[in-house]
Amino acid sequence: MRYTVSMRKLIVANWKENPGNQRAAQKLFGEVARGIGKLRRQSRNRNVEVVLCPPFIYLEEIAAKHRALRTKLQLGAQDVFWEEQGAFTSEVGPKMLKALGAKFVIVGHSERRKYAKETDAMINKKIKLALGDGLRVILCVGEPLSVRKKGISAARAFIKKQLTADLRGIQARNLGARKLVIAYEPIWAIGTGNNDTPEDAIEIARFIKASISCRFLYGGSVNSKNVAQYVQYKEVDGALVGGASLRAGEFISLIGNI
Ligand code: PGA
């Protein structure tokens, strides 16, 4: 089913720890860039802004190819550190990312919170530095299944707590949709094929937008078949896509179906 969308939508591809090597990453990038170029020529994706977030290690070559091909895609990173530079083994600062051509950065993904034990205080520092350096922040929030089982109002309370802590000291009401993107990703919906209902996602979107000036993305098992169900609503500005962004054909169909 196709829906009419009036506003420009934002689709962010989170490649996570994929693909397995530089060559495969360049191939995926090339296929996606060509596919999206083709959609544009057919005037099928004029309303979509596409951001690709590969692993750090692939970013530089992808950025070079992106410039050479003059693609309409934008680049982002999956994480950032809260210090610009110094004795912080393995970390990457926002200015380093900007220098490579990244415009966006994902912060606070539930996998970072879970596997790297990132706290809201750490996420807050990352957001402050990244915004200060002019990166656009995609802040991920979302409740675990144990919370959702108690109902949507319990989910709302959980998200409110995350947002309050993650955005402490940041004038989120005034930040604006260009700088801040909030991705609502219920943890139980990520990578499971068990996507949230559009109605619940919209309820969360309204709740967040009532106090924060931002763009709202839904994330969690979004694919080419279900994307339109979300982005048809004016409250939903787009989607954060994991698994479905790793297959060029599927990802291009997803963009084409908006
Ligand atoms: P998924 O991942 O699309 O594979 O569910 C989304 C995400 O974690 O950003």
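**Exercise 1. The loop of Pro 19**

Find where Pro 19 lies in this predicted model, and work out which form, cis or trans, the peptide bond from Asn 18 to Pro 19 takes.

*Solution.* Start with the position: Pro 19 sits in the loop between strand 1 and helix 1. Next, look at the bond that leads into Pro 19 from Asn 18: omega is near -15°, and the bond is cis. As background, most peptide bonds are trans, and most residues other than glycine have a negative phi.

**Exercise 2. Two residues with positive phi**

Place Arg 70 and Ser 90 in the chain, then decide whether each is buried or exposed.

*Solution.* Take Arg 70 to begin with. Arg 70 belongs to the loop between helix 2 (56–69) and strand 3 (74–77). Its phi is positive, about 50°, although Arg 70 is not a glycine. The relative accessible area of Arg 70 is 70%, and exposed means over 50%, so Arg 70 is exposed.

Now turn to Ser 90, in the loop between strand 3 and helix 3 (94–100). Ser 90 is not a glycine either, yet has a positive phi of about 80°. With a relative accessible area of 67%, Ser 90 is exposed.

**Exercise 3. Around the ligand**

Which residues come nearest to the ligand, and which atoms of Glu 185, Gly 191 and Gly 242 lie by its oxygen atoms?

*Solution.* Begin with the shell. There are 13 residues around the ligand, and those that come nearest are Lys 16, His 109, Glu 185, Gly 191 and Ser 221. Sorted by class, the shell holds four nonpolar, seven polar and two charged residues.

Then go through the polar atoms one by one:

- Glu 185 uses a polar side-chain atom, 2.7 Å from an oxygen atom of the ligand.
- Gly 191 has a backbone N or O atom at 2.6 Å from an oxygen atom of the ligand.
- Gly 242 has a polar backbone atom 2.8 Å from an oxygen atom of the ligand.

To finish, check how well the ligand is covered. On its own the ligand has 280 Å² of accessible area, and the protein covers 95% of that.

**Exercise 4. Ser 224 and helix 11**

Locate Ser 224, list what Ser 224 touches, and find how many residues of helix 11 are buried.

*Solution.* Ser 224 is placed in the loop between strand 7 (215–219) and helix 10 (227–231). Since its relative accessible area is 7%, and buried means under 20%, Ser 224 is buried. Leaving aside residues up to four places away in sequence, Ser 224 touches Glu 250, Ser 253, Leu 254 and Asn 257.

That leads to helix 11, residues 248–256. Seven of its nine residues are buried, so the helix is mostly covered. The buried residues include Glu 250 and Leu 254, alongside Ala 248, Phe 251, Ile 252, Ile 255 and Gly 256. Their cover includes strand 1 (9–14), helix 1 (22–41), strand 2 (48–53), helix 10 and strand 8 (238–241).

**Exercise 5. Aromatic pairs**

How many aromatic pairs does the whole structure contain, and are Phe 81 and Phe 88 stacked or tilted?

*Solution.* Searching the whole structure gives five aromatic pairs. For Phe 81 and Phe 88, the centres are 5.3 Å apart and the planes 50° apart, which makes the pair tilted. Phe 81 is buried at 6% relative accessible area, whereas Phe 88, at 33%, counts as partly exposed.

Compare that with Tyr 218 and Tyr 230: the pair is stacked, at 4.3 Å centre to centre and 10° between the planes. Tyr 218 belongs to strand 7 and Tyr 230 to helix 10, twelve residues apart, and the pair links distant parts of the chain. Both tyrosines, Tyr 218 and Tyr 230, are buried. With Tyr 184 and Phe 216, Tyr 218 and Tyr 230 form one aromatic cluster.

**Exercise 6. Leu 175 and Ala 210**

Is Leu 175 buried or exposed, and is Ala 210 buried or exposed?

*Solution.* Leu 175 lies in helix 8, residues 172–175. Its relative accessible area is 18%, which is under 20%, so Leu 175 is buried. Its contacts, not counting residues up to four places away in sequence, are Leu 131, Ile 170, Leu 180 and Ser 213. Leu 131 is 44 residues from Leu 175 along the chain, with 9.6 Å between the C-alpha atoms.

Ala 210 is in the loop between helix 9 (198–209) and strand 7. At 56% relative accessibility, Ala 210 counts as exposed. From Ala 210 to Arg 173 is 37 residues in sequence, and 9.0 Å from C-alpha to C-alpha.

Methods: Residues are numbered from 1 along each chain as its sequence is written. Side-chain values use heavy atoms; hydrogens and water are left out. A residue is near a molecule or strand if one of its heavy atoms lies within 4 Å of it. A polar contact is a pair of N or O atoms within 3.5 Å; within protein, one must be able to donate a hydrogen and the other to accept it, and residues adjacent in sequence count only if both atoms are side-chain atoms. Accessible areas come from the Shrake-Rupley method with a 1.4 Å probe; for residues, only the protein chains shown count as cover. Ala, Val, Leu, Ile, Met, Phe, Trp, Tyr, Cys and Pro count as nonpolar, Asp, Glu, Lys and Arg as charged, and the others, Gly among them, as polar. Helices (H or I, at least four residues) and strands (E, at least two) are DSSP runs, numbered from the N terminus. Buried means under 20% relative accessible area, exposed over 50%, partly exposed in between (1.4 Å probe, protein chains only). Contact means heavy atoms within 4.5 Å. Rings of Phe, Tyr and Trp (its six-membered ring) pair if their centres lie within 6.5 Å; planes under 30 degrees apart count as stacked, over 60 as edge-to-face and the rest as tilted.
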